[in-house]
Number of protein chains: 2
Amino acid sequence: MRRHILDAALRLFAHHGFKGASLQDIAAEVPCSKASLLYHFAEKEAILTELLTPPAEGLSALNGQLDALEGSRAVEPAVTGYVGLAMQFHLELKIIFAELPQMLGHPALAVIPPAVDRLADALAGRSREPGALVSARMVIGGVAVAVAGGVDVPPDVMRDELIRGARRTLGHPHS
Amino acid sequence: MRRHILDAALRLFAHHGFKGASLQDIAAEVPCSKASLLYHFAEKEAILTELLTPPAEGLSALNGQLDALEGSRAVEPAVTGYVGLAMQFHLELKIIFAELPQMLGHPALAVIPPAVDRLADALAGRSREPGALVSARMVIGGVAVAVAGGVDVPPDVMRDELIRGARRTLGHPHS
DNA sequence: CCCGACCCTGACCGATCGGTCAGCTACCAT
DNA sequence: ATGGTAGCTGACCGATCGGTCAGGGTCGGG
């Protein structure tokens with residue numbers, strides 16, 4: 001049941017945003033009563049945090065691996081790791097980008113923006129040059145939008161093209 | 001006064017989303033009364049449509065120019081034109097990407113997603129190959145996120161880096 | 001001096017929001 | 001049979017939402 005609620009909430013949050021999808025909407029999608037949602041979850045926000053915990057942990061684990069690498073050695077695993085996470089959690093990613101500003105208010109979600117910053121640092125090859133910083137942000141946003149937007153290609157092709165596009169963006173076309 | 005309202009609404013919509021920013025919030029930001037907002041604008045949504053009209057018209061005008069060009073000749077002006085629009089309307093762009101799904105419901109805003117599709121087609125050099133389609137979407141999202149996210153570089157440097165990054169993503173590094 | 005037009009506002013409306021609560025049902029070990 | 005527990009729900013709550021309305025303030029032109 002919790003799984004059904006989370007699935008329905010994931011779809012609705014991704015399509016209409018966190019504030020745009022009401023508990024009534026989620027209950028109608030499950031389907032169940034609104035009170036049943038609040039029996040399984042303490043509050044509406046608890047549903048969101050539980051939805052975003054897996055991708056947040058995935059990103060945190062990726063960052064842990066990337067921290068061991070230095071300089072440009074981190075770029076390639078950062079690209080493949082991020083593309084993999086983005087494709088696995090594409091709906092969650094949509095929520096994260098749409099709701100990113102108000103996440104700073106909720107402690108449980110506040111870990112995400114800094115984790116994105118750490119990923120950007122790895123994608124930039126630990127460089128502080130404006131070109132590297134901008135390119136890193138472009139990869140983060142570009143992969144997210146390409147995955148979220150409806151480009152109709154098979155998943156394995158999409159994954160390959162995302163990785164190659166990201167490498168080109170960063171100026172590391174080889175590998 | 002209308003200008004003050006639009007400015008306040010632009011900031012709040014960009015930070016909290018359309019549904020996340022209430023008329024009370026906007027009135028407090030202006031500052032004025034909530035009733036005053038609805039004297040100048042028929043409804044809350046009218047504020048949003050008026051905010052998004054200039055970037056929508058700018059994108060439409062850009063698409064008009066790009067339609068005259070064919071194949072890969074459209075790529076370079078598409079890149080520079082889109083980067084220019086993105087930097088000019090970076091807050092509006094944030095709203096557009098966060099609120100993109102529910103725009104299909106409102107006729108006044110429904111023109112935006114197809115316009116984005118036309119831009120993506122130009123960025124892809126009118127190609128139907130998966131690689132070109134994915135790269136075009138990556139440029140659209142990458143530029144938007146890089147502009148919206150707080151990369152602390154001077155505007156002219158940002159503009160230059162965005163154009164170069166987009167060209168690399170598309171595999172057109174020359175020019 | 002008055003009038004109409006334009007701005008602006010407090011008070012109010014129904015609807016919907018997130019959240020609470022008492023109680024119903026189904027099940028299971030004793 | 002019985003007591004307890006887990007799952008679920010309808011009814012309800014205060015707060016806030018977008019939106020309406022009657023009226024007050026402030027002008028410039030006749």
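## Helix pair α4 and α5 of chain B

Two residues are in contact when heavy atoms of theirs lie within 4.5 Å. In this predicted model, Gly58(B), Leu59(B), Leu62(B) and Leu66(B) of α4(B) are in contact with Pro77(B), Ala78(B), Gly81(B), Tyr82(B) and Leu85(B) of α5(B). Seven of the residues in this contact are nonpolar, two are polar and none is charged.

Helix α4(B) covers residues 44-67 and helix α5(B) covers residues 75-88. Their axes come within 10 Å and cross at roughly 170°. Angles over 145 degrees count as roughly antiparallel, and α4(B) is therefore roughly antiparallel to α5(B).

## Helix pair α5 and α6 of chain A

In chain A, the axes of α5 (residues 75-88) and α6 (residues 90-98) come within 5 Å, with a crossing angle of roughly 95°. The range for roughly perpendicular is 65 to 115 degrees, so α5(A) and α6(A) are roughly perpendicular to each other.

From α5(A), the contact takes in Tyr82(A), Ala86(A), Met87(A) and Gln88(A); from α6(A), it takes in His90(A), Leu93(A) and Phe97(A). By class, five residues of this contact are nonpolar, two are polar and none is charged.

## Relation of the two chains

A turn of 180° with a shift of 0.0 Å along the axis lays chain B on chain A, with an RMSD of 0.0 Å. That is the relation of a two-fold axis.

Of the interface residues of chain B, 100% are also interface residues in chain A, so the copies meet through the same surface.

## Surface near DNA strand C

DNA strand C is surrounded by 15 residues, and the closest are Leu23(A), Lys34(A), Lys44(A), Ala35(B) and His40(B). Of the atoms of DNA strand C that come within 4 Å of the protein, 52% belong to sugar and phosphate. At least two residues of this surface come from each of α2 (23-29) of chain A, α3 (34-40) of chain A and α3 (34-40) of chain B. The element that gives the most is α3(B), with four residues. The surface near DNA strand C has seven nonpolar, five polar and three charged residues.

Polar contacts to this strand include one to a base and others to phosphate. An N or O atom in the side chain of Lys34(A) is 2.5 Å from a base oxygen of DNA strand C. From chain B, a polar side-chain atom of His40(B) lies 2.3 Å from a phosphate oxygen of the strand. The side chain of Tyr39(B) has an N or O atom 3.1 Å from a phosphate oxygen of DNA strand C.

## Surface near DNA strand D

Around DNA strand D there are 15 residues, with Ala35(A), Tyr39(A), His40(A), Lys34(B) and Lys44(B) the closest. Sugar and phosphate make up 55% of the atoms of DNA strand D that come within 4 Å of the protein. By class, this surface divides into seven nonpolar, five polar and three charged residues.

Backbone atoms take part in some of the polar contacts with DNA strand D. A backbone N or O atom of Ser33(A) lies 3.0 Å from a phosphate oxygen of the strand, and a polar backbone atom of Leu23(B) is 3.0 Å from a phosphate oxygen of the strand. For Lys44(B), a polar side-chain atom lies 2.6 Å from a phosphate oxygen of DNA strand D. Two or more residues of the surface come from each of α3 of chain A, α2 (23-29) of chain B and α3 of chain B. Here α3(A) gives the most, with four residues.

## Backbone geometry

Most peptide bonds are trans, and most residues other than glycine have a negative phi. The peptide bond between Val30(A) and Pro31(A) is cis, with omega about -5°. Pro31(A) sits in the loop between α2 and α3 of chain A. In chain B, the bond from Val30(B) to Pro31(B) is also cis, with omega near -5°, and Pro31(B) lies in the loop between α2 and α3 of that chain.

Arg126(A) is not a glycine, yet its phi is positive, at about 60°. Arg126(A) belongs to the loop between α8 (112-123) and α9 (130-148) of chain A.

How values were computed. Residues numbered from 1 in each chain as written. Chains lettered and ligands numbered in written order. Predicted model: local features only at pLDDT ≥ 70, side-chain atom pairs only at ≥ 80, totals over all residues. Heavy atoms only, no water. Near = heavy atom within 4 Å. Polar contact = N/O pair within 3.5 Å; in protein donor to acceptor, adjacent residues only side chain to side chain. Nonpolar A, V, L, I, M, F, W, Y, C, P; charged D, E, K, R; others polar. Axes fitted to C-alpha atoms, helices over the stretch in contact; angles between N-to-C directions. Parallel < 35°, antiparallel > 145°, perpendicular 65-115°, else oblique. Least-squares fit on C-alpha atoms with pLDDT ≥ 70 in both.
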